[in-house]
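Trainee: Please choose one part of this protein and take me through it closely. I should like to understand how that part is connected with the rest of the chain.

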Amino acid sequence: MSHFSTIKTQYNNRKVLLQSLKNMGLKVTEHQQPVQLNTTWSSQGVAHLVVERSQINSSSDIGFLYEENTYKLVCDDYDLRRSKLPNFKQELGTNYAVATAQRLGYRVKQQETINGQVQITLRGKR
């Protein structure tokens with residue numbers, strides 16, 4: 001049976017998180033108070049930022065719950081692995097790191113290594 005998990009992250013900048021998700025081609029709905037995430041299962045999860053399940057061909061929404069000065073990822077790992085973004089967490093982490101570096105003024109060169117891990121090379125500030 002599927003269920004939502006809440007995963008602690010280092011995503012503490014809302015603007016960078018939203019830009020990272022946008023760079024992945026995702027539209028996010030923002031809420032002042034946490035809202036219930038949609039799922040075809042009986043599990044429950046709440047979030048402030050919601051990526052609707054239809055965008056990723058999944059049975060469950062992806063959400064981000066703002067608590068303790070960070071955005072916690074709220075998702076159903078089973079559904080996420082079966083979606084059109086099975087590497088969502090890795091892609092988001094890479095996009096967030098790149099967006100953060102760029103926001104700090106670094107030039108970023110990104111390349112993928114042979115084993116599938118992403119290596120990010122920073123150049124001096126602009």
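Mentor: Contact, in what follows, means that heavy atoms lie within 4.5 Å of each other. The model is a predicted one, and the part I have chosen is helix H1, residues 14–23.

The setting comes first. The protein has three helices and seven strands, and from the N terminus its elements follow the order β-α-β-β-β-β-α-α-β-β. Its radius of gyration is 15 Å, close to the 14 Å that the globule rule gives for 126 residues, so the protein is as compact as a globular protein of that length. Of the 126 residues, 38% are buried. Among contacts between residues at least 6 apart in sequence, 47% join residues at least 24 apart.

Now to the two ends of the helix. At the start of H1, a side-chain oxygen of Asn13 comes to within 3.0 Å of the backbone nitrogen of Lys15. Just after H1, Gly25 adopts a positive phi of about 85°.

Between these ends, the buried residues of the helix are Val16, Leu17, Leu18, Ser20 and Leu21. What do they pack against? Their partners are strand E2 (29–36), strand E3 (46–51), strand E4 (62–67), strand E5 (70–75) and helix H3 (88–103).

One of these residues, Leu17, also has a prominent place in the largest nonpolar core. That core has 21 residues, and those touching the most other members are Leu17, Leu26, Ile62, Phe64, Phe88 and Leu92. H1, E3, E4, E5 and H3 each give two or more residues to this core. A separate core of six residues includes Ala47, Val50, Leu65 and Val74.

Phe64 shows the link to the helix from the other side. Neighbours within four places in sequence aside, Phe64 is in contact with Leu17 and Leu21, and among its further partners are Tyr11, Ala47, Leu49, Tyr71, Lys72, Leu73, Phe88 and Leu92.

The helix has a charged link as well. Which residue forms a salt bridge with Arg14? The partner is Glu30, with the closest N and O atoms 3.0 Å apart. Arg14 lies in helix H1 and Glu30 in strand E2, so this pair ties together parts that are 16 residues apart in sequence. Both side chains belong to partly exposed residues: the relative accessible area is 34% for Arg14 and 45% for Glu30.

The Arg14 pair can be set beside a network elsewhere in the chain. The count of salt bridges comes to five, and Glu67, Glu68 and Lys72 are linked in a network of them. Lys72, which is also a contact of Phe64, pairs with Glu67 at 3.1 Å, N to O. Its other link is to Glu68, where the closest N and O atoms are 3.9 Å apart. Is Lys72 buried or exposed? Its relative accessible area is 12%, and since buried means under 20%, Lys72 counts as buried. Glu67, by contrast, is partly exposed at 33%, and Glu68 is exposed at 65%.

In summary, H1 sets buried residues against four strands and helix H3, gives at least two residues to the largest nonpolar core, and is tied to strand E2 through Arg14 and Glu30.

Methods
Residues numbered from 1 in each chain as written. Predicted model: local features only at pLDDT ≥ 70, side-chain atom pairs only at ≥ 80, totals over all residues. Heavy atoms only, no water. Buried < 20%, exposed > 50% of the residue type's maximum accessible area, 1.4 Å probe, protein only. Polar contact = N/O pair within 3.5 Å; in protein donor to acceptor, adjacent residues only side chain to side chain. Core = buried A, V, L, I, M, F, W, Y, C linked by side-chain atoms within 4.5 Å. Rg over C-alpha atoms; globule rule 2.2 N^0.38 Å. Salt bridge = Lys/Arg side-chain N within 4 Å of Asp/Glu carboxyl O.
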